[in-house]
Amino acid sequence: MPDSSSSAPRSIGVLLRLAHQQFSSAVDGALAEQGFGDIRPHHANVFTFVPPEGIQVSDLTLKAGVRKQTMAQAVEELEALGYVERRPHPTDRRARLVMLTERGKQIRPLAMATGQRVEEDWGKRLGEQRLETLRSTLEQILDVSEDR
């Protein structure tokens, strides 16, 4: 990887990772300020994809694009912290659904509001048109990736 004095451009992967870290750091800081300092970045894979009616760990794994072991660990951690609970599936006796608790339901609105503020800041720095071009380009990249 080139150092900062190099004239070679940084890879897109590095830039995406750094932008994600900046975004995540802002969300983590806002959550900590509101009393949710026990949430870790990998827990976002759970909060992002649990619908109100609940979801099985195997389906969460697919939506988040992570290994089942990784998702199961995140769910276990969040259950121990009181953010999620597992309930019996209403139509499949063998399955269990991951549900957000009342405490868990507080996370998504806070994270989304903070994310919106980060995007607004980026829009002020880049200009709204450039930010929308970035969003559109990333959506196109993800659409192509999902088609494979």
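The lining of the largest pocket is a mix: 22 nonpolar residues, seven polar and nine charged. Keep in mind as you look around that this is a predicted model. The pocket itself has a volume of about 1400 Å³. Of the 38 residues that line it, His-20, Phe-23, Ser-24, Glu-119 and Trp-122 are the closest to its centre. Which elements give two or more residues to this lining? They are α1, α2, α3, α6 (107-126) and α7 (128-147). Helix α1 makes the largest share, with 11 residues.

Now for helix α3, which covers residues 57-64. Its buried residues are Val-57, Leu-60, Thr-61 and Ala-64. Why do they end up on the same side of α3? Because they cover an arc of only 105° around the axis. Flip to the other side of α3 and you'll find Leu-62 and Lys-63, which are exposed. The cover over the buried residues of α3 includes α2 (44-47), α4 (68-81) and β2 (96-100). Just after the helix comes Gly-65, with a positive phi of about 70°.

Let's zoom in on Thr-61, a member of α3. Its relative accessibility is 9%, so Thr-61 counts as buried; the cut-off for that label is under 20%. Which residues does Thr-61 touch once you leave aside its neighbours within four places in sequence? It is in contact with Val-66, Arg-67, Lys-68 and Met-71.

Compare that with Gly-13, which sits in helix α1 (residues 12-33). Here are the two side by side:

| Residue | Relative accessibility | Label |
|---|---|---|
| Thr-61 | 9% | buried |
| Gly-13 | 46% | partly exposed |

Gly-13 gets its label because its value falls between 20% and 50%. How far is Gly-13 from Thr-133? Along the sequence they are 120 residues apart, while in space the gap is 18 Å, going C-alpha to C-alpha.

Last stop: the strands. Strand β2, part of the cover over α3, is largely enclosed by the rest of the structure, because four of its five residues are buried. Its partner is β1 (residues 84-88), and the two run antiparallel, joined by five bridges. If you want a spot to look for, find Glu-85, which stands opposite Met-99 in β2. One handy thing to know while you're there: in a regular strand the side chains alternate between the two faces of the sheet.

Methods. Residues are numbered from 1 along each chain as its sequence is written. This is a predicted model: local features need pLDDT of at least 70, side-chain atom pairs count only at pLDDT 80 or more; totals for chains, interfaces and linings use all residues. Side-chain values use heavy atoms; hydrogens and water are left out. Buried means under 20% relative accessible area, exposed over 50%, partly exposed in between (1.4 Å probe, protein chains only). The arc is that of the directions from the helix axis to the C-beta atoms. Contact means heavy atoms within 4.5 Å. Two strands pair if DSSP finds at least two bridges between them. On a 1 Å grid over the protein atoms alone, a cavity is a set of points where a 1.4 Å probe fits but cannot get out, and a pocket is an open set with protein on both sides within 12 Å along at least five of seven lines; lining residues have an atom within 4 Å of a point. Grid points are joined across faces, edges and corners, and a volume is the space filled by probe spheres set on the points. Ala, Val, Leu, Ile, Met, Phe, Trp, Tyr, Cys and Pro count as nonpolar, Asp, Glu, Lys and Arg as charged, and the others, Gly among them, as polar.
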